[in-house]
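User: I should like to take a close look at one part of this structure. Please explain it in connected prose, suitable for a first-year student.

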Amino acid sequence: MNLSQLSQNLNIIARSVGAFIRQEAENFDTSTIEMKGFNDLVSYVDKQAEVQLVEGLRELLPEAGFITEEGTDSTKGERYNWVIDPLDGTTNFTHSLPIYCVSVGLLDGDEVVVGVVYDPSRDECFSAYKGGGAFCNANPIKVSEAPALANSLIATGFPYYDFGLMQQYLQVLGGFMAKSHGIRRLGSAALDLAYVAAGRCEGFFEYNLNAWDVAGGSIIVQEAGGMLSKFASDGDYVFGREIVASNGNIHSEMQEIIQEHWRQTAE
């Protein structure tokens, strides 16, 4: 498989779907919003964007299966599987806050080998493939060189429906507030990862995530020279429901703060 060519074609598909999302954002009708669960929103835009992605990706790599957020296709491939979030940041989208994206990753077995995160509002296409480096709109990107947490801006995501670990999470936030330049909550895990890769923030952490939230962005961080893990160990950060991403220099500091306040009571 030519991963370079596959990545280029994936970018074209992501941009096409992003153009549809951008068009729908201009006249989005909030009455069309559906609730999958408490504070878990979905719209016809999510669903139609996913259909378009599945159709394009099925043609691009017919032998691949799919892991999709909206359940358009759940066919499992023997070796390859596309992991799709058609609109990461749906809540932002429905409130006309322009921080959302298309996110797609390709699994070869258990390893993500190609990824794209496309932000239609800023027309920024972050992409990477295994061994090929990371890019934004075809320009190479790399993680920040900040040497320590004290020099770093950290991104995260707040709980929005499962509040059972709220107190522990607030303690973690307090730890980062006291030892970094600050914390940002953008509302799109995929863009958070892309921003770590591009050096716009030095680290990102979040729990209670799904594979489609992180698959596309994870390889972009990796190919940009960053580091990825679970909260306390290496582990499976794609399906493991939690992730720490960083420029590498601050990774151990991030894990130490999280573990200090998290593992004592969250397990």
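How are H1 and H2 oriented to each other, and why?

Analyst: The model examined here is predicted. Helix H1 covers residues 3–26 and helix H2 covers residues 44–60, and the two pack with their axes 10 Å apart at an angle of about 160°. Angles over 145 degrees count as roughly antiparallel, and H1 and H2 are therefore roughly antiparallel to each other. Where H1 passes H2, the crossing is right-handed.

The residues that make this contact can be named on both sides. H1 contributes Leu6, Asn9, Leu10, Ile13, Val17, Phe20, Ile21 and Glu24. From H2 come Tyr44, Val45, Gln48, Ala49, Gln52, Leu53, Gly56, Leu57 and Leu60. Sorted by class, the contact of H1 with H2 consists of 12 nonpolar, 4 polar and 1 charged residues.

H2 also has a second partner, a sheet. This sheet is open and mixed in its pairing, with 7 strands in the order S3-S4-S5-S6-S7-S8-S9. Its edges are strand S3 (65–68) and strand S9 (139–140), each of which pairs on one side only. H2 packs on the sheet by touching S3, strand S4 (80–88) and S5, and the direction of H2 makes about 150° with that of S4.

Within the sheet, strand S5 (residues 101–108) and strand S6 (residues 111–119) run antiparallel and are joined by 7 bridges. Leu106 stands opposite Val114 in S6. A further helix, H5 (residues 189–197), lies across S4, S5, S6 and strand S7 (124–129), and runs at about 100° to S6.

Key. Residues are numbered from 1 along each chain as its sequence is written. This is a predicted model: local features need pLDDT of at least 70, side-chain atom pairs count only at pLDDT 80 or more; totals for chains, interfaces and linings use all residues. Side-chain values use heavy atoms; hydrogens and water are left out. Axes are lines fitted to C-alpha atoms, for helices over the stretch in contact, and angles run from 0 to 180 degrees between N-to-C directions. Helices (H or I, at least four residues) and strands (E, at least two) are DSSP runs, numbered from the N terminus. Angles under 35 degrees count as roughly parallel, over 145 as roughly antiparallel, 65 to 115 as roughly perpendicular and the rest as oblique. A crossing is left-handed if the near helix is turned anticlockwise from the far one by less than a right angle, and right-handed if clockwise. Contact means heavy atoms within 4.5 Å. Ala, Val, Leu, Ile, Met, Phe, Trp, Tyr, Cys and Pro count as nonpolar, Asp, Glu, Lys and Arg as charged, and the others, Gly among them, as polar. Two strands pair if DSSP finds at least two bridges between them.
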